Structures are given as structure tokens and as C-alpha cells.
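Trainee: I would like a close look at a single part of this protein. Please take one helix and go through how its residues are placed and what packs on it.

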Amino acid sequence: WPKYDMGAKGYLNRGEVGKWLTDLRVAANQPVPDAEWQNSAFVQTDKNSDTKVSVEELTAFLTAGS
């Protein structure tokens, strides 16, 4: 979390989530996600639509369907 939460503000913005998603995909030897895919993932993750992704929202996104 600290690597992506620039300024230690307690949430990730759209660009920070995009960086995290890109790094995650690259680490998994998958193609870099395009902007549309990143935007869709951000919208799905930002459950309260405040343009900020909290640790709780990210955790819920990652564990959805498990």
C-alpha cells in the first residue's frame, strides 16, 4: 500500500490504482491493462464513488467472488 499511496493520504486515486494494476499484471506476465480496463476496474473498486479507493474497498475488490 505505501508504494502506491503517494503522500500517505490513506487512499489511492485513479492514477495510483492504474499504476498498481499495471504492476500487478506485469508481475503476473500478463499484458499491461489499457486505459479502458483500468477505468472499469477503478469504478468497480470505488464502491462509494468518491474517486478514492480505500484499503477496505481494495480488499473487498480483491476478495469478491472468493
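Mentor: What follows is about helix α2 and its surroundings, with a few words on the model beforehand.

This is a predicted model, in which local features need pLDDT of at least 70 and side-chain atom pairs count only at pLDDT 80 or more, while totals for chains, interfaces and linings use all residues. Residues are numbered from 1 along each chain as its sequence is written, and side-chain values use heavy atoms, with hydrogens and water left out. The pLDDT (the predictor's confidence in each residue, from 0 to 100) averages 94 over the protein, and 97% of the residues score at least 70. Among the elements, the mean is lowest in helix α3 (residues 55-63), at 93, and highest in helix α1 (residues 14-27), at 95. Helices here are DSSP runs of H or I with at least four residues, and strands are runs of E with at least two, numbered from the N terminus.

Helix α2 spans 35-45. Its buried residues are Gln 38, Ala 41, Phe 42 and Thr 45. They lie on the same side of α2, because the arc they cover around the axis is only 100 degrees; the arc is taken from the directions from the helix axis to the C-beta atoms. An α-helix has 3.6 residues a turn, so residues three or four places apart point the same way. On the face turned away from the buried side are the exposed residues Glu 36 and Val 43. Buried stands for under 20% relative accessible area, exposed for over 50%, and partly exposed for what is in between, with a 1.4 Å probe and protein chains only.

The cover over the buried residues of α2 includes α1 and α3. With α1, α2 packs at an angle of about 115 degrees, the axes being 10 Å apart. Axes are lines fitted to C-alpha atoms, for helices over the stretch in contact, and angles run from 0 to 180 degrees between N-to-C directions. The two helices, α1 and α2, are therefore roughly perpendicular, a class that takes in 65 to 115 degrees, whereas under 35 is roughly parallel, over 145 roughly antiparallel and the rest oblique. On the α1 side the contact (heavy atoms within 4.5 Å) is made by Arg 14, Val 17, Gly 18, Leu 21, Thr 22 and Arg 25. On the α2 side, Trp 37, Gln 38, Asn 39, Ala 41, Phe 42 and Val 43 take part.

Asn 29 is in the loop between α1 and α2. Its phi is near 55 degrees, a positive value in a residue other than glycine. At 74% relative accessibility, Asn 29 counts as exposed.
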